[in-house]
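Here are a few exercises for getting to know a new structure. Try each task yourself, then read through the solution.

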Amino acid sequence: MIIVGCDYHPSFQQIAFVDTETGEVRERRLSHRENAEKFYRALATTGGQVRVGMEASGHARWFERLLAELHFELWMGDAAEIRRKRGRKQKTDRQDAQHILGLLLKDDFPPIWVPSWENRDLRQLLWHRHRMVQARTRIMNQLQAVALNEGLLCKKRLWRERGRQQLEAFPLAPWASRRRHDLLELLDRLNPTIAELSQAIEQEAEKHPAAQRLMTHPGVGALTALAFVLIIGDAERFQCGKQVASYLGLVPLEDSSGNRRRLGHITKQGSSMLRFLLVEAAQVTARSLPQWRSKYLHLMMRRGRKTAKVAMARRLAVRLYWMMRQGWDYPQWIEFGSHAGQPGTGHGVPSNIE
């Protein structure tokens, strides 16, 4: 077997590899992508088994496709754990590749869960819609500013037929008028695109039974449910709700030592899109369920609106995790489920209802 430790960069990769039969260790620096592809295709002609280990990073999809085509094993490692296992303070590309190779040889490499290609492609659908909505929001905010400067304050009514007619009727200077025209034109182009993407997400959610079960929870729509299923993946890889909240970056930073305990803002690790969707869904849930609304108002008065929104999003994430893991919809959860994720509980471990 040939084992390769790869320190991957967007424009090149530094590798250290060993043939376990001969014990020969070599190093190479491969530029992307022609040089690297030529090297790995030549490696495939040897007919032996090849295992490549690298840190999880972006901009490597072509490399993953290449290794899958050549039937090489690809191990993705936790970058933070790999960095923690370093014993030397010096850090170079050569040392990084040697370090990854050493972890592979010692069976100490920290692998992570890697989603399937279908999962990744569906995530692109979610991200595309998310970015389109963000772009539309920025355009709408600019048009609201134009209306305010002309003394028109109608908030959401600006997007109705009468509000738009008032916006278009304002006499503006030439370049201000051009800006208004272009923004309205972009808005008219984005709305059908977002509607089409939303319909596609609903159709994809119907193909996932887990997403359909999550959608039975008040406040959770197709977008949030599908995003949760795709990003969490296999629910069994988490032992409790706290790990899910940490994975999504919804737990506070902690710097404690001795008798001193210091908590900061949330870590914001994981998917920013799913955190945003959970915050939005938690607010809808708080409007739908009296218990959640009571808890949200209590937290808001104690800690402020922003902190309360994040806290409720964390509780919703724990609830959805246990629904997904148990395979229950919302009515089954209420009848047979646990108190995990409900307002008033301070943990994510399930407990039986009395």
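What follows is a set of worked exercises on a predicted model.

**Exercise 1. Get an overview of the chain: its make-up, its extent and the confidence in it.**

Start with the elements: the chain has 14 helices and seven strands. Next, the extent: along the principal axes, the C-alpha atoms fill a box of roughly 80 × 65 × 45 Å. Then check burial: of the 354 residues, 41% are buried. Now look at the contacts with a separation of 6 or more: 53% of them join residues 24 or more positions apart.

Finally, confidence. The mean pLDDT of the chain is 90, and 95% of the residues reach 70 or more. One stretch to treat with care is residues 345-354, where pLDDT stays under 50. The model has 25 contacts beyond four places in sequence for that stretch.

**Exercise 2. Work out how strands S2 and S3 are arranged.**

Step one is to find them: S2 covers residues 12-19 and S3 covers residues 25-31. Step two is the pairing, which is antiparallel and runs over seven bridges. As an example, Ile 15 has Arg 28 in S3 as its bridge partner. Step three is the link: S2 and S3 form a hairpin with five residues between them. In that turn, Gly 23 has a positive phi of about 80 degrees.

**Exercise 3. Which residues of helix H12 are buried, and which exposed residues does the face turned away from them carry?**

First, the helix itself: H12 takes in residues 290-303, 14 residues in total. From first C-alpha to last, H12 reaches 20 Å, close to the 20 Å expected at 1.5 Å a residue.

Second, list the buried residues: Trp 292, Lys 295, Tyr 296 and Leu 299. They cover an arc of only 100 degrees around the axis, so they sit on the same side of H12. Here is some background for that: an α-helix has 3.6 residues a turn, so residues three or four places apart point the same way.

Third, turn the helix round: the face away from the buried side carries the exposed residues Pro 290 and Met 301. To finish, ask what does the covering. Helix H11 (272-288) and helix H13 (305-326) are included in what covers the buried residues of H12. Just after H12 comes Gly 304, with a positive phi of about 105 degrees.

**Exercise 4. Compare the settings of helices H7 and H9.**

Begin with H7. Its 33 residues should span 48 Å at 1.5 Å a residue, and its end C-alpha atoms are 49 Å apart, which agrees. The buried residues of H7 include Arg 180, Leu 187, Ile 194 and Glu 204. They pack against H5, helix H6 (161-169), H8 and H9.

Move on to H9. This helix is mostly covered, with eleven of its eleven residues buried. Among them are Ala 222, Phe 228 and Ile 232. The buried residues of H9 pack against H5, H7, H8, helix H10 (241-247), H11 and H13. After H9 comes Gly 233, whose phi is positive, near 70 degrees.

**Exercise 5. Which helix gives the most to the largest nonpolar core?**

Look at the core first: it has 51 residues, and Leu 126, Leu 214, Phe 228, Leu 248, Leu 278, Leu 316 and Leu 320 touch the most other members. Several helices each supply at least two residues of this core, including H5, H7, H9, H11 and H12. The helix that gives the most is H13, with twelve residues.

Now zoom in on one core member. Leaving out residues up to four places away in sequence, Leu 316 touches His 217, Val 220, Leu 278, Ala 281, Ala 282, Thr 285 and Trp 292. Apart from this core lies another, of 22 residues, among them Val 4, Cys 6, Phe 17 and Met 54.

**Exercise 6. Is Tyr 321 buried or exposed, and what about Met 76?**

Take Tyr 321, which lies in helix H13. The cut-off for buried is under 20% relative accessible area. At 0% relative accessibility, Tyr 321 therefore counts as buried. Its contacts beyond four places in sequence include Phe 228, Phe 238 and Val 244.

Then take Met 76, in strand S5 (residues 73-77). Met 76 has 7% relative accessibility, so this residue counts as buried too. Beyond four places in sequence, its contacts include Met 54, Phe 109 and Ile 112.

Conventions. Residues are numbered from 1 along each chain as its sequence is written. This is a predicted model: local features need pLDDT of at least 70, side-chain atom pairs count only at pLDDT 80 or more; totals for chains, interfaces and linings use all residues. Side-chain values use heavy atoms; hydrogens and water are left out. Two strands pair if DSSP finds at least two bridges between them. Helices (H or I, at least four residues) and strands (E, at least two) are DSSP runs, numbered from the N terminus. The expected span of a helix is 1.5 Å times one less than its number of residues. Buried means under 20% relative accessible area, exposed over 50%, partly exposed in between (1.4 Å probe, protein chains only). The arc is that of the directions from the helix axis to the C-beta atoms. Contact means heavy atoms within 4.5 Å. pLDDT is the predictor's confidence in each residue, from 0 to 100. A nonpolar core is a set of buried Ala, Val, Leu, Ile, Met, Phe, Trp, Tyr and Cys residues joined through side-chain atoms within 4.5 Å.
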